[in-house]
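Hi everyone, thanks for making the time. Could you bring up the sequence and the model on your screens, so that we can walk through them together?

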Amino acid sequence: MIIRPARYAALRAAAGLLLWVALEGAALAHGVSEGDQGYIETTSGPQIGPFLYLGAKHMVTGYDHLLFLFGVIFFLYRMKDVASYVTLFAIGHSTTLIAGVLLGTNVNAYLVDAIIGLSVVYKGLDNLGAYRTWFGVQPNTKLAVLIFGFFHGFGLATKIQDFALSSNGLVPNLLAFNVGVEIGQVLALSAILIAMSYWRRSRSFDRYAVAANVVLMTAGFLLTGYQLAGYFIGDLV
């Protein structure tokens with residue numbers, strides 16, 4: 001009874017952090033800062049190092065990516081399983097990122113980002129066992145991660161296509177950017193896994209696992225709602 005308030009305080013802090021990430025990250029989801037955009041649009045020829053950095057920076061600051069991946073690895077304890085799911089996400093993300101830009105495939109960015117928000121909702125519900133409870137079936141989680149990886153990559157591709165990209169060095173720069181994204185993903189996931197490993201050793205993990213996924217699901221709804229509002233009433237930022 002003495003330490004329960006502290007535990008609730010920790011849970012509220014975690015919930016507040018996730019919700020803040022959803023609200024602040026909605027404006028930055030797949031976004032590129034003005035300075036980075038200016039560099040991308042003025043550069044010409046292969047610039048491998050800078051584009052590696054920009055790709056890694058995008059993933060490390062891509063809150064929608066991190067929320068989804070946090071949900072994906074939440075109940076994964078073996079590194080083999082983590083590597084399997086993350087590889088599927090990387091394949092999906094890389095495919096649509098590269099193909100979307102090179103083929104010039106373009107759709108409304110708000111709608112794509114709304115689906116990305118729903119991917120966070122999906123994973124929160126999946127971790128809560130909602131689909132088995134509601135429908136008596138368990139969706140193929142690996143297939144779902146791959147499919148949502150396609151949407152996450154396509155979301156960034158829609159943003160990149162808004163830039164005035166030079167055709168000189170486009171392919172190597174795009175490949176370097178994609179490699180940077182995967183490097184950033186490894187860095188971000190390493191930090192998440194370290195934090196998760198410490199949390200899993202505590203008794204509070206089992207107690208608050210459900211609450212954490214409810215908060216994750218709520219963050220996904222906020223991301224989705226923000227993007228849908230942007231689609232229907234214009235840019236909110």
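Let's start on the outside, with helix 10, which gives the most residues to a nonpolar patch, namely four. The patch is made of L111, L228, Y231, F232 and I233. Together these residues offer about 510 Å² of accessible area on the surface. Pick out F232, which sits in helix 10. Is F232 buried or exposed? F232 counts as exposed, because its relative accessibility is 64%, and the cut-off for that word is over 50%.

Please keep in mind that this is a predicted model.

Now zoom out with me. How many helices and strands does the protein have? There are 10 helices and zero strands, so if you read along the sequence you get α-α-α-α-α-α-α-α-α-α, by the usual run-based assignment. The protein has 237 residues, and 46% of them count as buried. Its accessible surface comes to about 11,800 Å², with 68% of that belonging to carbon and sulfur atoms.

How do the parts of the chain meet? Take the contacts between residues at least 6 apart in sequence: 85% of them join residues at least 24 apart.

Next, a look at what the records say. An unreviewed UniProt entry lists residues 55-77, 84-103, 109-131, 143-161, 173-196 and 208-233 under "transmembrane region". Those labels come from the entry, and such annotations may be inferred rather than shown by experiment. We can still ask what the model has at those positions. Residues 84-103 are 100% helix and 0% strand, with end C-alpha atoms 28 Å apart. Residues 109-131 are 91% helix and 0% strand, and their end C-alpha atoms also lie 28 Å apart.

Let's go inside. The largest nonpolar core has 52 residues. Which of them touch the most other members? They are F68, V72, I73, F74 and F177. Many elements chip in: helix 3 (48-60), helix 4 (63-73), helix 5 (79-103), helix 6 (109-127), helix 7 (130-135), helix 8 (141-160), helix 9 (170-200) and helix 10 (204-233) each give two or more residues. Helix 9 gives the most to this core, with nine residues.

Stay with V72 for a moment. Setting aside its neighbours within four places in sequence, V72 is in contact with Y85, K123 and V145. One of those partners, K123, brings us to the charged residues.

How many salt bridges does the structure hold? It holds two. One of them joins K123 and D126, with the closest N and O atoms 2.6 Å apart. These residues are three apart in helix 6, and therefore about one helical turn separates them. Are they buried or exposed? K123 is buried, because its relative accessible area is 6%. D126 counts as buried too, because its relative accessibility is 9%. The cut-off for buried is under 20%.

The other salt bridge joins R78 and D81, and here the closest N and O atoms are 3.1 Å apart. R78 counts as exposed, because its relative accessibility is 51%. D81 counts as partly exposed, because its value is 21%. If you want to see how a cut-off works, D81 is a nice example: its relative accessibility is 21%, and buried means under 20%.

Last stop: two loops. G104 is in the loop between helix 5 and helix 6. With 44% relative accessibility, G104 counts as partly exposed. Leaving out neighbours within four places in sequence, G104 is in contact with A99 and Q161. G104 and A157 are 53 residues apart in sequence, but their C-alpha atoms are 8.9 Å apart in space.

S166 lies in the loop between helix 8 and helix 9. S166 counts as partly exposed, because its relative accessibility is 24%. Which residues does S166 contact, leaving aside neighbours within four places in sequence? The answer is T43 and S44. Look as well at G45: S166 and G45 are 121 residues apart along the chain, and their C-alpha atoms are separated by 7.8 Å.

That's the tour, and thanks for listening!

Methods. Residues are numbered from 1 along each chain as its sequence is written. This is a predicted model: local features need pLDDT of at least 70, side-chain atom pairs count only at pLDDT 80 or more; totals for chains, interfaces and linings use all residues. Side-chain values use heavy atoms; hydrogens and water are left out. A nonpolar core is a set of buried Ala, Val, Leu, Ile, Met, Phe, Trp, Tyr and Cys residues joined through side-chain atoms within 4.5 Å. Buried means under 20% relative accessible area, exposed over 50%, partly exposed in between (1.4 Å probe, protein chains only). Contact means heavy atoms within 4.5 Å. Patches are made of residues with over 30% relative accessible area and no salt bridge: like charges are joined within 9 Å, nonpolar side chains (Val, Leu, Ile, Met, Phe, Trp, Tyr) within 5 Å. Accessible areas come from the Shrake-Rupley method with a 1.4 Å probe; for residues, only the protein chains shown count as cover. A salt bridge is a side-chain nitrogen of Lys or Arg within 4 Å of a carboxyl oxygen of Asp or Glu.
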